[in-house]
Amino acid sequence: MSFRFAAALFSFALVLASCIPSAVVAAETSDWPWWRGPSRDGVAPSGQDPPLTWSETENVVWKAPIPGKGHASPTIVGDRIYLATSVDEEERRSVLCLDRATGKILWDSPVHVGKAVLPKNDKGSQASSTVACDGERLFVNFAHDDAVFTSALALDGEVLWQTRITDYVDHQGYGSSPAIFGPLVIVSADSKEVGGAVAGLDRATGKIVWRHDRPKTPNYPSPIILDVAGRTQMFLTGCDLVSSFDPLTGEKLWEMEGATTECVTSTVTDGKLIYSTGGYPRNHVAAYAADGSKKVVWDNGQRVYVPSMLIKDGYLYAVADAGVAICWKADTGEEIWKERIGGTYYSSPVLVDDRIYVTDESGKSIVFRATPDGFEPLGESRLGDACYATPAIVDSRIYARVIEEQNGKRQEVLYCLGSE
């Protein structure tokens with residue numbers, strides 16, 4: 001069989017596989033299967049009614065202590081919750097499984113022990129990658145032994161395979177989360193000095209199906225797969241580039257300069273444009289044509305470095321790191337309103353119908369209306385002493401990972417918040 005014919009057969013197999021849902025859980029309204037939720041954009045399934053306010057005693061369904069430290073968001077599939085964590089003093093990076101009804105830890109599976117890659121930012125963690133679940137396996141990224149590895153686990157915690165993706169030199173900390181699409185899990189790592197990679201791995205075996213080297217710059221976003229401009233595209237921003245790939249084959253569809261060097265946030269779209277933000281060496285929020293024409297449609301100098309943005313009904317909503325909520329007209333970049341809400345933000349906002357939920361570094365949460373008519377606060381609460389992780393919201397319940405000071409010691413806690 002010729003190489004060309006074999007390649008054609010493989011491409012055809014990928015196309016057939018793409019017709020199969022990327023994960024059974026993706027269409028379920030009661031699941032939050034990966035970073036930024038089912039639609040990968042921070043938008044929770046509609047029709048929910050999570051509480052507008054809460055406290056350590058108000059609207060708490062359960063509270064569970066979490067061993068170790070991490071900024072990864074909870075992943076929720078069926079009756080289980082999955083969470084990446086790191087017990088730093090043991091150099092042990094693990095995936096936890098909790099019972100969704102009670103918060104009881106069902107298993108704690110070590111993925112890497114020893115040879116830790118320590119984040120140079122004192123607010124970073126060794127477990128900032130959110131677990132992705134396809135209904136059969138769990139996927140997680142960790143920095144280990146001066147490299148980045150992707151691992152697959154069975155639903156009982158057994159480690160099925162591990163694949164080394166690229167050498168890695170830490171700058172601020174590693175936190176890119178895996179993305180599931182068709183038969184693949186797609187992962188990335190950008191790194192100074194040694195460069196990095198973006199790759200598509202076979203979900204069943206961990207074999208690298210396609211891979212691209214990346215520039216030698218520090219950068220932090222997760223690969224995000226969106227339907228834009230009439231086709232499915234996988235996006236990475238940062239390294240001074242905006243890059244689009246075919247998620248199944250890895251073909252680079254288009255690439256342009258326009259982003260800054262270091263980005264963190266995950267791209268969102270209105271179906272025609274995609275939106276990027278960055279924070280070093282310049283602040284920017286920008287809209288790009290996603291049809292391959294390589295046009296910057298609009299750009300401004302607002303600093304929305306860490307929290308990802310939201311889009312609804314033609315309007316773009318952001319919470320700037322320094323505690324300013326902003327609404328722009330998505331197609332033109334016109335600022336519609338801006339409101340100082342206070343705090344410093346590392347977690348990303350989540351949208352439930354017309355409500356935006358966001359939590360600052362101190363554990364203060366604000367709920368406000370997603371409307372171009374002006375800033376409309378709906379609720380304010382406080383939980384714990386610090387928060388860096390983005391919550392998951394499913395079935396009218398909020399799953400929030402916070403930090404509490406207990407007897408002078410740091411203790412992570414996962415709360416399940418709900419009105420019932």
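Let's start with the lining of the largest cavity: its residues divide into ten nonpolar, three polar and no charged. Please keep in mind that this is a predicted model. The space inside that cavity comes to about 100 Å³. Thirteen residues are in the lining, and the closest to the centre are Trp54, Thr359, Ser365, Ile398 and Ala400. If you like to think in secondary structure, look at strand E27 (355-359) and strand E31 (397-406), since each of them supplies at least two residues of this lining.

How many cavities of 30 Å³ or more does a search of the whole structure find? The count is five.

Let me move to the second largest one, which has a volume of about 80 Å³. Its lining is made of 13 residues, and nearest the centre you will find Val117, Ser125, Gln126, Ala143 and Tyr174. How do the residues of this lining divide into nonpolar, polar and charged? Here we have six nonpolar, six polar and one charged. For the largest cavity, remember, no charged residue was in the lining.

Now, on to the backbone, and some loops you may want to have on screen.

First up, please find Tyr280 and Pro281. The peptide bond that joins them is cis, with omega at about 0°. Where does Pro281 lie? Pro281 is in the loop that runs between strand E19 (273-278) and strand E20 (284-289).

Next, phi angles. Glu193 is not a glycine, yet its phi is positive, near 70°. You can find Glu193 in the loop between strand E11 (184-189) and strand E12 (196-202). Is Glu193 buried or exposed? Glu193 has a relative accessible area of 54%, and the cut-off for exposed is over 50%, so Glu193 is exposed.

Asp313 is another residue to look at here. Its phi is also positive, about 50°, and again we are not dealing with a glycine. As for its place, Asp313 sits in the loop between strand E22 (310-312) and strand E23 (315-320). Because its relative accessibility is 65%, Asp313 counts as exposed too.

To recap the loops: Pro281 follows a cis peptide bond from Tyr280, Glu193 has a phi near 70°, and Asp313 has a phi of about 50°. And on the cavities, the two I walked you through have volumes of about 100 Å³ and about 80 Å³. Thanks for listening, everyone!

How values were computed
Residues are numbered from 1 along each chain as its sequence is written. This is a predicted model: local features need pLDDT of at least 70, side-chain atom pairs count only at pLDDT 80 or more; totals for chains, interfaces and linings use all residues. Side-chain values use heavy atoms; hydrogens and water are left out. Helices (H or I, at least four residues) and strands (E, at least two) are DSSP runs, numbered from the N terminus. Buried means under 20% relative accessible area, exposed over 50%, partly exposed in between (1.4 Å probe, protein chains only). On a 1 Å grid over the protein atoms alone, a cavity is a set of points where a 1.4 Å probe fits but cannot get out, and a pocket is an open set with protein on both sides within 12 Å along at least five of seven lines; lining residues have an atom within 4 Å of a point. Grid points are joined across faces, edges and corners, and a volume is the space filled by probe spheres set on the points. Ala, Val, Leu, Ile, Met, Phe, Trp, Tyr, Cys and Pro count as nonpolar, Asp, Glu, Lys and Arg as charged, and the others, Gly among them, as polar.
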